[in-house]
Amino acid sequence: MSTENEGTAVPPAPSAPPVPVDAPAASAHQASDAGASPQAPQHTSVGGQDPELVHAGAAPAYASAEGQPHGGAGGPEGAWPPPQPPQAPGTPSYADGGAGGAGPTGVWGEGYQQPAPKPKSGRGGLVAAILVAALVAGGLGGGLGYTLAKNNDNGSSTTLSASDSGGSVKRDAGTVAGVVQRALPSTVTIEAESTSGEGGTGTGFVFDKQGHIVTNNHVVADAVDGGKLTATFPNGKKYNAEVVGHAQGYDVAVIKLKNAPGDLNPLTLGNSDQVAVGDSTIAIGAPFGLSNTVTTGIISAKNRPVASSDGSGSNASYMSALQTDASINPGNSGGPLLDAHGNVIGINSAIQSTSGGGLGGTSQSGSIGLGFAIPINQAKYVAQQLIQTGKPVYAKIGASVSLEDSSGGAKITTEGAGGSAPVEAGGPAAKAGLKPGDVITKLDDHVIDSGPTLIGEIWTHKPGDKVKITYERDGQTHTVDLTLGSRTGDS
């Protein structure tokens, strides 16, 4: 679930972190859309009930490494979030794992052939004989040197030796190794399998002592309707699990371990609002099925508008993401992004990757240093809602906006999704005086350059929050206060 937009090709960001979605011209932050066929204008209800169309252009992807694409929990036609078109080359991908938890076929040297031996010659034999003699002499000299050193050792040696072996050395709490020693035992590798046997691998982390595990929606999507779900800890203990609730739009899900152990240690949740660009990051996951992998980096940017998709035509997810250069690959989805103290500041969800094939000649690409995580402040709220009710709750303004690429803002459409009104009667937008054709350019202090950017920014808030909307109408700029409404469920 990326340059800036993971579900769609990432738009340019001339003046602020938010980047337009589905930009026709590629920017330094976006994946190339060259060769993509033109798309019809698209729009969707912003946090509303029945969005209609999908992103124009190619969709960035989740970092998932599965044999079959995740289907997601898509709603009926016209449901929110809108369906995504097939993923185009060069777009971001989900970060969840490979089919059945295995790494890509032939990853290690597939197709390699041993070079044919060169014919021997008399000169080559002579050289080999000389080398053998040299090695024998070297060994002899080394043996003599050791013997002399031993005979001269009268207890006055100044050689120092470590008192402990590497496995028992205690790592300082402030080091990466120290953080990982505490955090790794509370992460799990998740394997999800549908009733038809399709599935993939991702990551999750312990949320509470009751056995709830937080991960991405696209990691567990295959197991939602009667599939099989397991979670394996680094110590090898494996547990069956069930989906408690999942949120397609947020790309957050909660599962619960069956017969959970009593010694679970939930990871400490940080404050993603206080994260600063340049802060150190630690990512834990199962890239290409390699469980318990740790990578490090920094926070590269904040508030990146990311619309992610697995490229299978399922619904998109929207986030105002934390961007990191910590290596995130297929299989990292759902894993924790930690700060230097071991606090969870995000859930690794999506990557921007090149269009080339991945390891072993597979179609999946690896990390190029552009990873995206759902801020933990948002994920925590969503997870708590899922545990309490099993359903997600979304903030909304009650208006349909265009999903076409535009650096000018989010335009309220003249027609709503599925023939509904573009501005919901009696809804938040209507009460604030917004009308079809208005172009929203800011939400509070955040620049809005496209419809997906607006959606992601709205979803960082809770229903009932008051926000300030800046919009343009007939060449004039206006600002109004708006109280966000709510919608329950994904469809």
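**Group meeting: a predicted model with a six-strand barrel**

I'll start in a loop: Phe-288 sits between strand 10 and strand 11. This is a predicted model, so please take every value I quote as computed from the predicted coordinates. The phi of Phe-288 is near 50°, which is positive in a residue that is not glycine. Is Phe-288 buried or exposed? Its relative accessibility is 8%, and because the cut-off for buried is under 20%, Phe-288 counts as buried.

The loop between strand 10 and strand 11 also holds Asn-292. Asn-292 is not a glycine either, and its phi is positive, at about 60°. Its relative accessibility is 29%, so Asn-292 counts as partly exposed.

Now the chain as a whole. The chain has 491 residues, and 51% of them count as buried. Its secondary structure comes to six helices and 23 strands. The exposed area is about 21300 Å², with 52% of that supplied by carbon and sulfur atoms.

Next, confidence. Mean pLDDT for the chain is 73, and 62% of the residues score at least 70. Which elements mark the two ends of the range? By mean pLDDT, helix 1, residues 122-152, is the lowest at 39, while strand 6 is the highest at 98. Residues 96-153 have pLDDT below 50, and this stretch makes 50 contacts in the model beyond near neighbours in sequence. Residues 356-362 are also below 50, with 20 contacts counted in that way. Where pLDDT is low, the predicted coordinates should not be read in detail. I will leave those two stretches there.

On to the barrel. Six strands form a closed barrel in the order 4-5-6-9-8-7, and the pairing is antiparallel. Averaged over this sheet, neighbouring strands are turned by 40° against each other, ignoring direction. As background, strands of a sheet pair through backbone hydrogen bonds, either parallel or antiparallel.

Let me go through some of the pairs. Strand 4 pairs with strand 5, residues 199-206, in the antiparallel sense, with seven bridges. One of the positions to look at is Ala-192, whose bridge partner in strand 5 is Gly-200.

Strand 5 also contains Thr-201. Thr-201 is buried, because its relative accessible area is 1%. Gly-331 is 130 residues away from Thr-201 along the chain, yet their C-alpha atoms are separated by 5.9 Å.

Strand 7, residues 228-232, and strand 8, residues 238-247, run antiparallel and are joined by three bridges. Ala-231 faces Tyr-239 of strand 8. The two strands make a hairpin, with five residues between strand 7 and strand 8, and Gly-236 in the turn has a positive phi of about 95°.

Strand 8 then pairs with strand 9, residues 252-257, again antiparallel, over six bridges. Here Ala-241 stands opposite Leu-257 of strand 9. Strands 8 and 9 form a hairpin as well, with four residues between them. How does the turn residue Asp-251 stand in phi? Asp-251 has a positive phi of about 60°.

Two helices pack against this region. Helix 4 lies across strand 5, strand 6, strand 8 and strand 9, and runs at about 55° to strand 9. For helix 2, residues 176-183, the buried residues are Gly-178, Val-179, Val-180 and Ala-183. Their cover includes strand 4, strand 10, strand 11 and strand 13.

Last topic, the nonpolar cores. In soluble globular proteins, nonpolar side chains tend to be buried together. In this model, the largest nonpolar core has 58 residues, and Leu-454 and Ile-469 have the most contacts inside it. Which element gives the largest share of this core? That is helix 4, residues 376-389, with six residues.

What does Ile-469 touch, leaving aside neighbours within four places in sequence? Its contacts are Leu-434, Ile-440, Lys-442, Leu-443, His-478, Thr-479, Val-480 and Leu-482.

Another core, of 17 residues, lies apart from the largest one. Its members include Ala-223, Phe-233, Tyr-239 and Ile-255. Tyr-239 came up earlier as the residue opposite Ala-231.

To recap: a closed barrel of six strands, helix 4 across four of its strands, namely strand 5, strand 6, strand 8 and strand 9, and a largest nonpolar core of 58 residues. The stretch I would not read in detail is residues 96-153, with pLDDT below 50. That's it from me.

Notes
Residues numbered from 1 in each chain as written. Predicted model: local features only at pLDDT ≥ 70, side-chain atom pairs only at ≥ 80, totals over all residues. Heavy atoms only, no water. Pairing = 2+ DSSP bridges. Buried < 20%, exposed > 50% of the residue type's maximum accessible area, 1.4 Å probe, protein only. Contact = heavy atoms within 4.5 Å. Areas by Shrake-Rupley, 256 points an atom, 1.4 Å probe, with all protein chains shown as cover. Core = buried A, V, L, I, M, F, W, Y, C linked by side-chain atoms within 4.5 Å. Axes fitted to C-alpha atoms, helices over the stretch in contact; angles between N-to-C directions. pLDDT = per-residue confidence, 0-100.
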